[in-house]
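Biologist: I'd like to learn how to read a structure like this one. Could you walk me through it, one feature at a time?

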Amino acid sequence: MPGESIVVIDDSPTLSKLVQLVLGEMGLQVIAANSDAGARELLKTEKPRLVLLDDMLDDKPVDDLCAHISALTPSAPGVVLLRSGHGPKDPTKLPGVVDSITKPFSPDALKALVSHIVGMSLQEGPSLPRRRLMLTPAPDFTPPKAEEAPALTGTL
């Protein structure tokens, strides 16, 4: 199943990029949209294997977008809601939603969820070196002393 596409719809470019990196390591192609309108436009041409959808886009609920996605992609496993805590209390009541994951989530949790839903083994992806994908420093990280740190130079 590597090479299949996953659509991520989230208004956070950082989260979209993180999802692209994590799922790309599994051999999946990730296509991103950052708004309701962008998602609807993208889904006119893309037939994704799975849709990862933020539970709030532009500070609005995504109920209508879930129904739209469900109608467009009836053969896909469905929608996974990326929960921020501001969306619906029971996301599986929304049309097409098959599961959810609460932000912030670990890369391993995302891989496990996606692989389970699309029915692929985590070992099916390309064998890339495993690396840490964290937005915070590792617990054993010690910043260099000011005199040892390289100076930042350059012009913008």
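Biologist: Leaving aside its neighbours within four places in sequence, which residues is Ile6 in contact with?

Modeller: Keep in mind that this is a predicted model. Ile6 is in contact with Leu23, Leu28, Gln29, Val30, Ile31, Arg49, Leu50, Leu52, Val114 and Val118, once the neighbours within four places in sequence are set aside.

Biologist: And which residues touch the most other members of the largest nonpolar core?

Modeller: That core has 21 residues, and the ones touching the most other members are Ile6, Val19, Leu23, Leu50, Leu52, Leu110 and Val114. At least two residues of this core come from each of S1, H1, S3, S6 and H4. There's also a second, separate core of 18 residues, with Leu42, Val51, Leu57 and Val79 among its members.

Biologist: What about Ser5: where is it found?

Modeller: Ser5 sits in strand S1. With a relative accessibility of 10%, Ser5 counts as buried, because the cut-off for buried is under 20%. Skipping the neighbours within four places in sequence, Ser5 is in contact with Gln29, Ile31, Glu46, Lys47, Pro48, Arg49 and Leu50.

Biologist: Let's try a helix. Which residues of helix H3 are buried?

Modeller: Helix H3 covers residues 63–72, and Leu65, Cys66 and Ile69 are buried there. They span an arc of only 105° around the axis, so they fall on the same side of H3. Over on the other side of H3, Asp64 and Ala71 are exposed.

Biologist: What covers the buried residues of H3?

Modeller: The cover includes strands S1 (5–9), S3 (50–54), S4 (56–57), S6 (79–83) and S7 (97–102), along with helix H2 (36–42).

Biologist: Now for charges. How many salt bridges does the count come to?

Modeller: Here's the general idea: side chains of opposite charge can pair when their charged atoms come close. In this model the count comes to six salt bridges. Take Asp64, which pairs with Arg40, their closest N and O atoms being 2.8 Å apart. Asp64 belongs to helix H3 and Arg40 to helix H2, so this pair ties together parts that are 24 residues apart in sequence.

Biologist: Is each partner in that pair buried, partly exposed or exposed?

Modeller: Asp64 counts as exposed, at 54% relative accessibility. Arg40 is partly exposed, with a relative accessible area of 21%.

Biologist: Which residue forms a salt bridge with Asp10?

Modeller: That's Lys103, with the closest N and O atoms 3.0 Å apart. The pair links distant parts of the chain: Asp10 is in the loop between S1 and helix H1 (13–24), while Lys103 is in the loop between S7 and helix H4 (107–118), 93 residues apart. Asp10 counts as buried at 1% relative accessibility, whereas Lys103 is partly exposed at 23%.

Biologist: And which side chain meets Lys103 in a salt bridge from strand S3?

Modeller: The side chain of Asp54 does, at 3.0 Å from N to O. Asp54 lies in strand S3 and Lys103 in the loop between S7 and H4, so the pair ties together parts 49 residues apart in sequence. Asp54 is buried, with a relative accessible area of 3%.

Biologist: How would you put those pairs together?

Modeller: As a network: salt bridges link Asp10, Asp54 and Lys103.

Note on methods: Residues are numbered from 1 along each chain as its sequence is written. This is a predicted model: local features need pLDDT of at least 70, side-chain atom pairs count only at pLDDT 80 or more; totals for chains, interfaces and linings use all residues. Side-chain values use heavy atoms; hydrogens and water are left out. Buried means under 20% relative accessible area, exposed over 50%, partly exposed in between (1.4 Å probe, protein chains only). Helices (H or I, at least four residues) and strands (E, at least two) are DSSP runs, numbered from the N terminus. The arc is that of the directions from the helix axis to the C-beta atoms. Contact means heavy atoms within 4.5 Å. A salt bridge is a side-chain nitrogen of Lys or Arg within 4 Å of a carboxyl oxygen of Asp or Glu. A nonpolar core is a set of buried Ala, Val, Leu, Ile, Met, Phe, Trp, Tyr and Cys residues joined through side-chain atoms within 4.5 Å.
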